[in-house]
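This report looks at how some helices pack together and where some single residues sit. The structure is shown first, and the text then goes through it part by part.

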Amino acid sequence: MNILSDEYFMKKAFDEAEKAKGENEVPVGAVIVSNNIVIAKAHNQVEALNDPTAHAEILAITSATNYLGSKYLEKCTLYVTLEPCMMCASALNWAKIDRIVYAAEDPKNGFMKCGKQVLHPKTKLEFGLMRDKSSEMLKAFFQNKR
């Protein structure tokens, strides 16, 4: 396996999702990569911060833009374990992220129910990488909540 593959970076996002799970947060993790370097990583912190906007993607965007000193994430890729919601997709649109790779679909809250036009027109979208692992992690989390 090429150490700098999509799978390598998605595994880093899963490491973040595991942190979220350990903190009793919905297990979603995200990393943002620029030039094959992880420049931001985050996991859901909605409960810890008592903030409904503290999704992994939003926290990663803030970290990455601070790292780059720019409000734009051109030439960056977001790896995230779950399809972004509308709020996160809109933020990714404004950040002009180059590429998004997500693992599992979110038919209830994911942005794709409104279509790809939510994203910046130049943003490339890929999904399904490690889908089963993400789906299983999320199902187990919510079953334990019931």
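The axes of α1 and α5 come within 12 Å and cross at roughly 5°. Because an angle under 35 degrees counts as roughly parallel, α1 is described as roughly parallel to α5. The model is a predicted one.

## Helices α1 and α5

Helix α1 covers residues 6-22, and helix α5 covers residues 131-145. On the α1 side, the residues that meet α5 are F14, A17, E18 and K21. Their partners in α5 are K133, S134 and M137. Sorted by class, this contact has three nonpolar, one polar and three charged residues.

One of the α5 residues in this contact, S134, can be followed further. Is S134 buried or exposed? S134 has a relative accessible area of 2%, so it is buried, the limit being under 20%. When its neighbours within four places in sequence are left aside, S134 is in contact with F14, T81, L82, A103 and A104.

D15 also lies in helix α1. Its relative accessibility is 43%, and D15 counts as partly exposed. From D15 to L119 there are 104 residues in sequence, and their C-alpha atoms are 26 Å apart in space.

## Helices α3 and α4

A second pair of helices is α3 and α4, which pack at an angle of about 20° with their axes 9 Å apart. That angle makes α3 roughly parallel to α4. The crossing in which α3 passes α4 is left-handed.

Which residues of α3 meet α4? They are E57, I58 and I61, and in α4 they meet M87, C88, A91, L92 and A95. By class, the contact of α3 with α4 has seven nonpolar, no polar and one charged residues.

Helix α4 runs over residues 86-95, and its buried residues are C88, A89, L92 and A95. These four cover an arc of only 120° around the axis, which puts them on the same side of α4. The elements they pack against are α3 (56-68), β3 (76-82) and β4 (99-104). Of the buried residues, C88, L92 and A95 are among those that meet α3.

In α3 itself, A64 can be taken as an example. A64 has 0% relative accessibility and counts as buried. Apart from neighbours within four places in sequence, the contacts of A64 are I32, I39, A40 and L73. A64 and K113 are 49 residues apart in sequence, and the distance between their C-alpha atoms is 27 Å.

## Residues with a positive phi

Most residues other than glycine have a negative phi. The table lists residues for which phi is positive.

| Residue | Phi | Place |
|---|---|---|
| K75 | about 65° | loop between α3 and β3 |
| K96 | near 55° | follows α4 |
| M130 | near 65° | loop between β5 (124-127) and α5 |

Are K75 and M130 buried or exposed? K75, at 70% relative accessibility, counts as exposed. M130 has a relative accessible area of 17% and is buried.

## A residue in the loop between β4 and β5

The last residue in this report is D106, found in the loop between β4 and β5. D106 has 16% relative accessibility, and because the limit for buried is under 20%, it counts as buried. Not counting residues up to four places away in sequence, D106 touches L82 and E83. L82 is also one of the residues in contact with S134 of α5.

How far apart are the C-alpha atoms of D106 and S135? The separation is 9.3 Å, and the two residues are 29 residues apart along the chain.

## Summary

Two helix pairs were described. The pair α1 and α5 is roughly parallel, and so is the pair α3 and α4. The contact of α1 with α5 includes three charged residues, whereas the contact of α3 with α4 includes one. Among the single residues, S134, A64, M130 and D106 are buried. D15 is partly exposed, and K75 is exposed.

Terms used:
Residues numbered from 1 in each chain as written. Predicted model: local features only at pLDDT ≥ 70, side-chain atom pairs only at ≥ 80, totals over all residues. Heavy atoms only, no water. Buried < 20%, exposed > 50% of the residue type's maximum accessible area, 1.4 Å probe, protein only. Arc of directions from axis to C-beta. Contact = heavy atoms within 4.5 Å. Axes fitted to C-alpha atoms, helices over the stretch in contact; angles between N-to-C directions. Parallel < 35°, antiparallel > 145°, perpendicular 65-115°, else oblique. Left-handed = near helix turned anticlockwise from the far one by under 90°. Nonpolar A, V, L, I, M, F, W, Y, C, P; charged D, E, K, R; others polar.
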